[in-house]
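Here are some exercises to work through with the structure open beside you. Try each task before reading its solution.

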Amino acid sequence: MGEESLARVAVLLSGRGSNFLSLHAAMERGEIPARIVVVVSNNSKAAGLTKAAELGIPAIAIPRRRSSRLQHDERVIEVLRQQRVEWVCLAGYMRLLSPAFVAAFPRRILNIHPSLLPSFPGLEAQGQALSHGVRLSGCTVHLVDEGLDSGPVVIQKAVPVEDEDTEDSLAARILIEEHRAYPEALSRLLTMDWDIEGRRIRWQPATRGPASG
Ligand code: GRF
């Protein structure tokens, strides 16, 4: 597929960047008709930024410092506009987006969360699941709205919670599924026709492509 027809994706991260790498790898394998044109972090020390730079992807740190949430988001939006970004993938980005950010990319911002939403939104989702005593947890890829981990669900994958689990062992089991779910979700959104009814994403087979007959 020519570069021009690939969707232009930005990844926003704050930490190690394993979901960024899984998206990038799936794109390199041709499984997602997209390419990552920029990686942005609020944390200049994020390992994910270093990995992006090593891959030759523009890697930009935009620390918040003393700016307001809105001012910071405006600086990020400006960078995304410069790179003609069409889709934004949050991958361990430890900031809640302002309404202005959400409005700048309507229905084009995705997040991955390490629980089966709407259970256990927010921080330490794996710890929340363990202390609640649920027997199943997993991950959710969802479209981002103005709430915390509250937008329409694109894909979920479940894993068992074992008696001997610690937060780390449960997080590791969930992470394996995250690395499958995020590429699958983005690929679906880019290759199928879909709409949102209430909170539900309604999928239709793609009608795009050359007309037959
Ligand atoms: C993942 O567990 C993701 O679900 C959560 O933050 C973590 C990011 O990990 N939102 P990584 O930086 O992608 O390795």
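**Exercise 1. Find the backbone atom that the side chain of Ser41 reaches, then describe the setting of Ser41.**

Solution. This is a predicted model, so treat every distance below as computed from it. Start at the side chain of Ser41: it comes to 2.7 Å from the backbone oxygen of Leu13. Next, place the residue: Ser41 belongs to strand S2, residues 34-41. Then check the exposure. The relative accessible area of Ser41 is 0%, and buried means under 20%, so Ser41 counts as buried. Finally, list the contacts beyond four places in sequence: Ser41 meets Leu13, Ser14, Ala46, Leu49, Ile60, Ala61, Ile62 and Pro63.

**Exercise 2. Decide whether Ser14 is buried or exposed, and find which backbone nitrogen lies 2.8 Å from its side chain.**

Solution. First locate the residue: Ser14 sits in the loop that links strand S1 (7-13) to helix H1 (18-28). Its relative accessible area is 9%, so Ser14 is buried. Now look for the polar partner: a polar atom of the Ser14 side chain is 2.8 Å from the backbone nitrogen of Met94. Met94 also appears among the residues that Ser14 touches beyond four places in sequence, together with Ser41, Asn42, Asn43, Ala46, Ala91, Gly92 and Tyr93.

**Exercise 3. Work out which residues surround the ligand, and how much of the ligand's area the protein buries.**

Solution. Begin with the shell: Arg16, Gly17, Ser18, Asn19, Gly92, Ile112, His113, Pro114 and Glu178 surround the ligand. Then take the distances to ligand oxygen atoms one by one:

- Arg16 places a polar side-chain atom 2.4 Å from a ligand oxygen.
- Gly17 has a backbone N or O atom 2.8 Å from a ligand oxygen.
- Ser18 brings a polar side-chain atom to 2.5 Å from a ligand oxygen.

Now turn to area: the ligand taken alone exposes 370 Å², and the protein buries 86% of that. The space that the ligand takes is the largest pocket. To finish, ask which elements give two or more residues to the shell: they are H1 and strand S5 (109-113).

**Exercise 4. Describe where Ser18 is found and what Ser18 touches beyond four places in sequence.**

Solution. Ser18 is part of helix H1. With a relative accessible area of 17%, Ser18 is buried; the cut-off is under 20%. Its contacts beyond four places in sequence are Leu175 and His179. As a last check on distance, compare Ser18 with Ser131: they are 113 residues apart in sequence, and their C-alpha atoms are 25 Å apart in space.

Conventions:
Residues are numbered from 1 along each chain as its sequence is written. This is a predicted model: local features need pLDDT of at least 70, side-chain atom pairs count only at pLDDT 80 or more; totals for chains, interfaces and linings use all residues. Side-chain values use heavy atoms; hydrogens and water are left out. Buried means under 20% relative accessible area, exposed over 50%, partly exposed in between (1.4 Å probe, protein chains only). A polar contact is a pair of N or O atoms within 3.5 Å; within protein, one must be able to donate a hydrogen and the other to accept it, and residues adjacent in sequence count only if both atoms are side-chain atoms. Contact means heavy atoms within 4.5 Å. A residue is near a molecule or strand if one of its heavy atoms lies within 4 Å of it. Accessible areas come from the Shrake-Rupley method with a 1.4 Å probe; for residues, only the protein chains shown count as cover. On a 1 Å grid over the protein atoms alone, a cavity is a set of points where a 1.4 Å probe fits but cannot get out, and a pocket is an open set with protein on both sides within 12 Å along at least five of seven lines; lining residues have an atom within 4 Å of a point. A molecule sits in a cavity or pocket if more than half of its atoms lie within 2 Å of its grid points.
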